[in-house]
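Please have the sequence and the 3D view open side by side, since the paragraphs that follow move from one pair of residues outward to the whole chain.

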Amino acid sequence: GDWLRRGAGASAIQTGSFPGREVSLCTTIRIMSEIVVAQPLQGDGGDVELGGGLTASLLDPIEVTLVEKDLTAMSGVVIRQEVVKTEVMAQALGVPYEAKNKYKIAMLPGGVSVPSSQSDTAGWNPTNQELEALPTLLYAHEQSDCITRCVAIVGGCAGGRGMKMSFFEDDRKTERFTFTRKFKFGIKMVVPIFTGLGVLIGRILEQVLLYVCDDGEGGNVTLCRLSRLSYPVCVVLGTVVGLLLLVFKTEEMRLKMDVGSAKSTTVHGRIEERFEPYEGAYSTSSKVWECCCGIVYSKLLQMTTPGASGVNENEEESLAKGLTSEQLGELQHAFTTRTAQCCFPACSCCSTNPNRHNNCYGGTCCKDRLIIDILDRQGQVVAHAARVYASGSGTSCVTGACCRMINGYSNYLLEFPPGATQRERVLLLASFIATDLELFDNNGQ
């Protein structure tokens, strides 16, 4: 739509001629021809105004090509985190250093399938060498400063740190799209973080009171009693504060990642941390029970244009005016991912549901796979992904499977749901990198 905003005349639309440049709308936006203008309205200077000729079809999600490669022609992709040797050496020495995360994305080879369960013998079990040999389709590089990463890893909340992840094609030369997020504790981590903070404050206060009350002559009885109570009281208070924030400030704590174009502030989708596959699916007690069992949901939302207000204007200008992305377009539920980190078959929430997986020690040398479900809007499983161990040696001592596992470098096999659009596949790809950063990256949590 760039040539429309810059003053293409109505005659250019009617005749299909665009002097001095070639325009291929199908590579950027797929819109039926009758959507453009039925009877173009002339504004000042002969420019086309888009207010009166739009049809109702424009209210449907518009398909935006965020990457040049046709993901709809692929059955899936392989996501592999790159090893950073300086990070491996620093963490081996106990230095709280976190390097920028880097990933390579390759096309899933033909003739293989992503395992759908731990017992799926037909699913692909790749080796480390096979994954290294796959040709790269996309690159993903984190953009953040070193101080933020190191402070977050010391505080135990590196999985929720603010960052921007850029996705490149053509050997890291062409930036295609990004996902960005602000720092949040995360609804899963807010209670453990504040409980841990209570433990730290309680221990410090306990030692200070013991030191003050010990005067060599029996000490101050009141302070000695307070020292014994200070630790459990601080732990309880920290837990209560975390629970209150979780109940009353859920949206402020929730991790949210916006997926957008590389060269603009346009938002095409969002990935949100969730306790349930969709609103109203579970009771509060069920959500807490699933969270305790390590079951984590990420909700994928895609943007529709225009929004409920019917505003149809330049999104960059509108965002500069203070309008939120929700005001520009409605967020529509596309898919949900369900990651069970430590489910045992004996757990009631697992044994009563055939879609649950025993992922205890999954994706390690003890168990090759960690199975992740991809759900549709109704909560039905439509595809799978797997975090795999991929045994075998690497090109150096730090890139072998065992060293990668110890240092938290992941391999994912992602199956695309049948019929998913290009943008939905981009959102799924980005969501698994976000899941890895949140749950599995070696970030000291």
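Tyr-139 has Phe-168, a residue of strand S8, as its bridge partner in this predicted model. The two residues belong to a longer match, in which strand S7 (residues 136–143) and strand S8 (residues 163–169) are joined by five bridges and run antiparallel. In general terms, the strands of a sheet are held in pairs by backbone hydrogen bonds, and the pairing may be parallel or antiparallel.

Strand S8 also pairs with S9, again in the antiparallel sense, and here the count is seven bridges; within this pairing, Lys-164 is found opposite Thr-180 of S9. The hairpin that S8 and S9 form has four residues between the strands, and in it Asp-170 adopts a positive phi near 55°. As for its surroundings, S8 is mostly covered, with six of its seven residues buried.

What larger arrangement do these strands belong to? They are part of a closed barrel of 12 strands, which follows the order S5-S6-S7-S8-S9-S10-S11-S12-S13-S14-S15-S16 with antiparallel pairing. From one strand to the next, the twist averages 20°. Helix H14 (residues 422–440) packs on this sheet and touches a series of its strands, including strand S5 (76–81), S7, S8, strand S12 (295–303) and strand S16 (411–415), while the direction of the helix makes about 145° with that of S12.

Seen as a whole, the protein chain has 14 helices and 16 strands. Of its 445 residues, 47% are buried, and the chain exposes about 21500 Å², of which carbon and sulfur atoms supply 58%. When contacts with a separation of 6 or more are considered, 69% of them link residues that lie 24 or more positions apart.

The cysteines deserve a separate look. How many disulfides does the structure hold? The number is zero. A disulfide is a covalent bond between the sulfur atoms of two cysteines, and the case of Cys-397 can be followed directly: the closest cysteine sulfur, that of Cys-403, is 6.7 Å away from its own sulfur, which is too far for a bond, because a disulfide is counted here when the sulfur atoms are within 2.5 Å. Is Cys-397 buried or exposed? With a relative accessible area of 70%, Cys-397 is exposed, because the cut-off for that class is over 50%. Cys-234, by contrast, has a relative accessible area of 13% and is therefore buried, the limit being under 20%.

Note on methods: Residues are numbered from 1 along each chain as its sequence is written. This is a predicted model: local features need pLDDT of at least 70, side-chain atom pairs count only at pLDDT 80 or more; totals for chains, interfaces and linings use all residues. Side-chain values use heavy atoms; hydrogens and water are left out. Buried means under 20% relative accessible area, exposed over 50%, partly exposed in between (1.4 Å probe, protein chains only). Contact means heavy atoms within 4.5 Å. Accessible areas come from the Shrake-Rupley method with a 1.4 Å probe; for residues, only the protein chains shown count as cover. Two strands pair if DSSP finds at least two bridges between them. Axes are lines fitted to C-alpha atoms, for helices over the stretch in contact, and angles run from 0 to 180 degrees between N-to-C directions.
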